[in-house]
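Student: I would like to go through this structure and ask what stands behind each label.
Tutor: Go ahead, and we will set each value against its cut-off.

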Amino acid sequence: MEFPQGLKYSKEHEWVLVDGNTATIGITEYAQEELGDIVYVELPDVGEKIVKDDPFGAVESVKAVSDVYAPVSGTVLEINDVLPDNPETINDDPYGDGWMIRVELSDKDDLKDLMDEEEYAEYVAQQKEEDDDEEDESDDEDEEEDEDK
Amino acid sequence: MSEPSQDRKSRRVTEPNLLFESSSPGRNSIVWPAEAGDAAALIPPALLRDDIAGFPELGELEVLRHFTRLSQRNFAIESQFYPLGSCTMKYNPKINEVVARFPGFAEIHPLAPPGMLQGALALLHGLEIMLAEISGMEYVSLQPSAGAQGELTGLMLIRAYLADRGNPRRKIIVPDTAHGTNPASSTLCGYEVIQISSNDHGVIDATAVARVTDEEVAAIMITNPNTLGLFESNIEAIAEVVHGKGGLVYLDGANLNALMGIAKPGHMGVDVLHMNLHKTFSTPHGGGGPGAGPVAVNGQLRDYLPVPRLVKQGDRFELLEDAPKSVGRVRSYFGNFGVLVRAYTYILSLGGDGLEQASRMALLNANYIRRRLEKSYQIAFDEPCMHECIFTDRIQHKNGVSTLDIAKRLLDYGYHPPTIYFPLVVSGALMIEPTETETPETLDGFVDAMLAIAREAKEEPELVQQAPHSTPVRRLDEARAARKPVLRWERGSSAADS
Amino acid sequence: MRYTPHTPADQERMLKTIGVASIDGLFEHVPKSLRERAKINLPDGLTELAVRQQLAALASQNATAGDWSLFLGGGVYRHFIPSAVDAMISRSEFSTSYTPYQPEVSQGTLQALFEYQTLICQLTGMEVSNAAVYDGASAAAEAVLMARRIQPTGRRRVLVSRALHPHYRAVIATYVKNLIDVRLEEIPFDGTGGTDIAALTERLDDQSMCVLVGYPNFFGIVEDLAPIKSACARAGAQLIAVTSEPLAFGLLKPPGEFAVDIAVGEGQSLGVPMNLGGPAFGFFACQKKFVRNIPGRLVGETVDSDGRRGFVLTLATREQHIRREKATSNICTSQTLCALAATVYLSLMGKSGMRRVAEVNVARAHEAKARLIEQAKLEPVFSGPFFNEFVLRGNDLNQVFTRSAKSKIVPGIRLEQWYPELTDCFLSCVTEMNERQEIDRLVRTIAG
């Protein structure tokens, strides 16, 4: 999987687009794929303060809920009002129309802890390998087809 | 002549209307003679309503046909095998239904003077004694309406006991294999949940428990056998650890069907437990209840049990509403009495020997299925299983077939799928609990279906992935239902509008 | 009588497949110290005939509504249940099926619950209903928990009318006791038998979370919810209407028309036998905007892969099996078969049946009350309008009740056990099941 240049990425699979002192935040392609069809998005209110590494909202699919963690600290300037009625926008366009919130950064140093697209791609590849490892274990096992009657 | 198209072969209308779509203004079923006078005039006009808009207007036969047709779109124990893990879908005896409908049980009012309800109270008292004996505990409350309410009640008892000793504490330890009601009930009781992981053998270690147990831990909630169908072999050591720091042990008794005559929770160091009468004790599931979740405790928690309490004075039964240390009432009246009558009847029918036989045969059936399937499906834990066994979809995943697909394909074979994707610690879990009321032939039929699906997963995976093919409806769009919830019928709405 | 069909030959064959010598071998991994003490010391099982006889003997020791004249309400009511109701819920496809997690083979239960949700909305005038909870008392408690999820943390005072069913008040207290931020307060009732509005208004403030009133209340009184709702709205508190006699909605203005936030209650009146108070079901309805906070199951409409209409459990992410400790409630099994009974009952009663039976209840109860006052010299206690229950005061009630019992009559429920201030008072209920002659006998017996 490849990821857009120019964005920064967190371990919890959020992306950040920095513009001066403003950051736009959303979840990555990998995250939306893992979640499946998104049915509901919980967003903070404009004016709320978000704290790095704390959850600021949640994304729900039919069978699961995932907290969305703040990759940076700041104050919410804008929320994407398309999402309440059309949560599937995140599935269709996670980096563009599926943006979630826009914040005013309180500490630009927070960005240092984030990854660039190459580092994130590696990180995601590692996650996928870990999932595959569990599958590989079963390869070694006896796969006799004969059923005993 | 060429073969007619599928459409023309069957012209039967299969999609049922909603009640409201079949209504016809002015039609009715029940005719009740009017009273003299104008009743509405006895109520102030500001408190009167118009007719109930949209309410059904149907004839009696129409109503019966409607619900009969609906019932035919359901699956039931009496139609086919229902191997849902941790649900204990055993036969629901008809004698229980007959007895529960005796007017002496159905047409009695809970607020009549207790002297007029002695038969009912005697039954409840008898049931308390039976459940205490079966669980190896001392005292029982029959109040909670379901397992989850039993859990909440049990946790409240623990909280009251600890508060009485100066500190209710803050935390409850819950294994990663626990049923979701365990952490949910803990939160409702004002506790923080500390999750611990099972080990490679699928059970909890006493050392893992010791690592998180301190003087702020109120209790550990443990299920035995656990949701993997495995006996929690370290339970006595675990109880010692928790007791050592002044905490208590709660047993989720959902899997009691594996233990009767084999091991009693009361001997395992358990302080309080709940039982699910709609599982182990054969009361019908009803499509989602009613059930009952009585709690059983040892002596130290007795004072905190909910009210009302049943007390025997000589040969009369009385109800105690006031008990100073009680956690209070958890529901109205006396609990789900009709369900309690059915459980009592069941236990009377089976007796001690019958209950022990039930668990023995439950283990036999589960182990038989396990043995016959374990070459074609990956077993989650290679440990002795009790009344249920768990497989994963790892083998089938190689061909892109998931547990969900396998479950849906089983519907085409006429079987209700096992419990799927629970517990969460097993990826793609398929949890099979046959129960003791199934014949070996039924089990063989189920196994044959599972083996056929395993073959299909290899040779024609799309057949499995697109299942079910032959049910009244095919896979339903759950994302759509969650995104734009339509939770009631409204005039002017129709399927076409959605 | 065992219900386990295994012959010795079956067991032998199966053990051979498993590879174990005996059934005992299947659990020898269980510690011996537990196994040797596990015997269940209960009498041996009985034949079906013996069971039936024993249970019949127990049943015969209870006073049934058919045999006695029970003028008892207090949240459980004797109403006419059409035969078709039991015929439908006795169908094993409904009674022995599991919670509809596999919707493709559970469309029967799911559609019936969708219809149930719709009927409750229509009956209560509310926008959204869930698929039922345990009973009226826990529904009231769950409503308080729901208000707590919706209201901000500064609002944690719960105001409960003293005229609300005593069991419900007790259960709310039990549920709320473990939530240290919530404070429970009682609002007195007045001479009308309804909530003292002046007292309520005085206590409402910016810390009020919600208000609970019975509609009708425990005394059978029908309070006007309009001024209560205005007071709540001004203070920013949620109004929760609690109804244990929903048959009243055949005639009374439903809570939805008063814009209440949450409407809950007990559904036993709607086609479920008294069963000594359970099982029946709690209904739970609210305004649409709160739907993601509602507890319990919800059934939603959707389509399948061929475009056919179908029904599924939805918004499941609120529930315990997904949200676990953050769930809206811990409810798993609830009371589905009883909700189904209500669905059949309401379909049979229909628009006209509901209104007609409600009218009969009102007419008979008012007539009985008037005659008891006039001919049996009992005193009215409350001045408010009532549905099918009323409170009367009399001298020497112990004697009255003893005398009545000799004629197999129970005139009502003594109130001192919950309301010490209502000495010598009892709550009497008259429904469409109490015939004219029965009321005659009641009046004559009390008059002495």
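Tutor: This is a predicted model. A residue of chain B makes a good start: leaving aside residues up to four places away in sequence, B:Thr227 touches B:Ser86, B:Thr177, B:His179, B:Asn255, B:Glu388, B:Ile390, B:Phe422, B:Pro423 and B:Met431.

Student: Where in chain B is the place of B:Thr227?
Tutor: B:Thr227 is in the loop between strand S4 (217-223) and helix H10 (235-244) of chain B.

Student: Why does B:Thr227 count as buried?
Tutor: The relative accessibility of B:Thr227 is 3%. The cut-off for buried is under 20%. B:Thr227 therefore counts as buried.

Student: What makes the pair B:Thr177 and B:Thr227 a polar contact?
Tutor: A polar atom of the B:Thr227 side chain lies 2.6 Å from the backbone oxygen of B:Thr177. The cut-off is a pair of N or O atoms within 3.5 Å, one able to donate a hydrogen and the other to accept it. The distance of 2.6 Å meets that limit.

Student: What makes helix H8 of chain B mostly covered?
Tutor: Helix H8 spans residues 181-188, and 7 of its 8 residues are buried. Those buried residues of H8(B) are B:Thr181, B:Asn182, B:Pro183, B:Ala184, B:Ser185, B:Ser186 and B:Leu188. Each of them is under 20% relative accessible area.

Student: Which residue with positive phi follows H8(B)?
Tutor: B:Gly190 follows H8(B), with a phi near 85°.

Student: Now the interface of chain C and chain B. How many residues does the contact take from each chain?
Tutor: The contact takes 185 residues from chain C and 193 residues from chain B. Chain C and chain B bury about 16800 Å² between them, with 62% of that area on carbon and sulfur atoms.

Student: Why is the pair C:Arg2 and B:Asp353 called a salt bridge?
Tutor: The N to O distance between the side chains of C:Arg2 and B:Asp353 is 2.4 Å. The term asks for a side-chain nitrogen of Lys or Arg within 4 Å of a carboxyl oxygen of Asp or Glu, so an Arg and an Asp at that distance qualify. Between chain C and chain B the count is 10 salt bridges.

Student: How many residue pairs are in polar contact between chain C and chain B?
Tutor: There are 85 such residue pairs between chain C and chain B, with both residues at pLDDT 80 or more. On the side of chain C that touches chain B, helix H12 (residues 336-375) of chain C gives the largest share, 23 residues. By class, that side of chain C has 90 nonpolar, 58 polar and 37 charged residues.

Student: What does chain C look like taken alone?
Tutor: Chain C has 14 helices and 15 strands. Its C-alpha trace spans about 80 × 55 × 50 Å along the principal axes. Of the 448 residues in chain C, 67% are buried, that is, under 20% relative accessible area. For contacts in chain C between residues at least 6 apart in sequence, 72% join residues at least 24 apart.

Student: And the interface of chain A and chain C: how many residues does the contact take from each chain?
Tutor: This contact takes 11 residues from chain A and 6 residues from chain C. Chain A and chain C bury about 620 Å² between them, 47% of it on carbon and sulfur atoms. On the side of chain A, A:Tyr40, A:Glu60 and A:Val65 lose the most area to chain C, together 51% of what that side buries.

Student: How many salt bridges are counted between chain A and chain C?
Tutor: The count is 0 salt bridges between chain A and chain C. The rule also finds 0 residue pairs in polar contact across this interface, both residues being required at pLDDT 80 or more.

Student: Which strands of chain A each supply at least two residues of the side that touches chain C?
Tutor: They are strand S4 (38-42), strand S6 (55-61) and strand S7 (65-69) of chain A. S4(A) gives the most to that side, with 3 residues. The side of chain A that touches chain C divides into 5 nonpolar, 1 polar and 5 charged residues.

Methods:
Residues are numbered from 1 along each chain as its sequence is written. Chains are lettered from A and ligands numbered from 1 in the order in which they are written. This is a predicted model: local features need pLDDT of at least 70, side-chain atom pairs count only at pLDDT 80 or more; totals for chains, interfaces and linings use all residues. Side-chain values use heavy atoms; hydrogens and water are left out. Contact means heavy atoms within 4.5 Å. Buried area is the accessible area (1.4 Å probe) that two parts lose on being put together, summed over both. Helices (H or I, at least four residues) and strands (E, at least two) are DSSP runs, numbered from the N terminus. Ala, Val, Leu, Ile, Met, Phe, Trp, Tyr, Cys and Pro count as nonpolar, Asp, Glu, Lys and Arg as charged, and the others, Gly among them, as polar. Buried means under 20% relative accessible area, exposed over 50%, partly exposed in between (1.4 Å probe, protein chains only).
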